[in-house]
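Me: I would like a close look at a single part of this protein, namely the sheet with parallel pairing and the helices that pack on it. Please take me through that part in one connected account.

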Amino acid sequence: MKADVLAALNAGLAKAEPCALITDTATGVQALVVGRRTIGDANLIQTHLTEIQRLLAADQSRPIEGTTLYVRVYGPPPRMVVVGAVHIAQALVPMARLAGFDVTVIDPRAAFVRSGNFEGVTAIDAWPDEAMAQIALTPRTAVVTLTHDPKLDDPALAAALRSSAFYIGALGSRKTHAKRLQRLKGDGFGDDQLARIHGPVGLNINAVSPAEIAVSIMAQIIQTLRADAKADAPKDAEA
């Protein structure tokens, strides 16, 4: 690996930026794609770059079909932002950490945050609109609101809808969710934007307890995160 490619890779990893190392397996020539920048000597045309961007978004390493190019993706861990330090959060947070997510919990009620025993995660005891402004919501971020309180959930959902977060979920019944959508429409969000919200949150597994609801949420987030990669995976990768 040439010095400029190695330096760019190390810099990208230090900043938690998604990077793709491309190796021409026929010649050994390499290049690195970081964001929209390309460093190195590999001859990449637009179709290659489009596929590399898709693999970066899917956090998937594999050859580019019909070429001698292999793409090795170095992606930061996915992030989960949980709004509401409630009982479901106390079950969801450790599940998310076990699945490899970096987790941030937001709740202005400092007592809830302290009593939730959220070890090993970032906890912000601030109002969601203030807290969300401190967080980079990327295509590797899931946002889950759990409070049932519009003063807390709605600002967080609005921030998520303005972002590229891959998953947005909100706890509440269908009736509660319908009222939530009407409020967000009043804030200027359209139907296509609001369709991004999973509400009621989680897969329908007839969950009852906080832990079961947390399982349903975690499963739906993983399903959404891996959906594109699964749809585009080569046949031998699905076996």
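Reply: What follows goes through the strands of that sheet and then turns to the helices beside them. The model is a predicted one, and in it six strands make up an open sheet whose order is β8-β7-β6-β9-β10-β11, with parallel pairing. At its edges stand β8, residues 122-124, and β11, residues 197-198, each of which pairs on one side only. Where β11 meets its neighbour β10, which spans residues 167-170, the two strands run parallel and are joined by two bridges, and at this place I168 stands opposite I197 of β11.

Helix α6, formed by residues 150-161, packs on the sheet and touches β6, β9, β10 and β11, while its direction makes about 165° with that of β10. Helix α3, residues 87-98, lies across β6 (79-83), β7 (102-106) and β9 (141-145), and runs at about 175° to β6. Both helices therefore touch β6 and β9, since contact is taken as heavy atoms within 4.5 Å.

Within α3, the buried residues include I88, A89 and A91, together with L92, V93 and A96; buried here stands for under 20% relative accessible area. Just after the end of α3, G100 adopts a positive phi of about 95°.

Terms used:
Residues are numbered from 1 along each chain as its sequence is written. This is a predicted model: local features need pLDDT of at least 70, side-chain atom pairs count only at pLDDT 80 or more; totals for chains, interfaces and linings use all residues. Side-chain values use heavy atoms; hydrogens and water are left out. Two strands pair if DSSP finds at least two bridges between them. Helices (H or I, at least four residues) and strands (E, at least two) are DSSP runs, numbered from the N terminus. Axes are lines fitted to C-alpha atoms, for helices over the stretch in contact, and angles run from 0 to 180 degrees between N-to-C directions. Buried means under 20% relative accessible area, exposed over 50%, partly exposed in between (1.4 Å probe, protein chains only).
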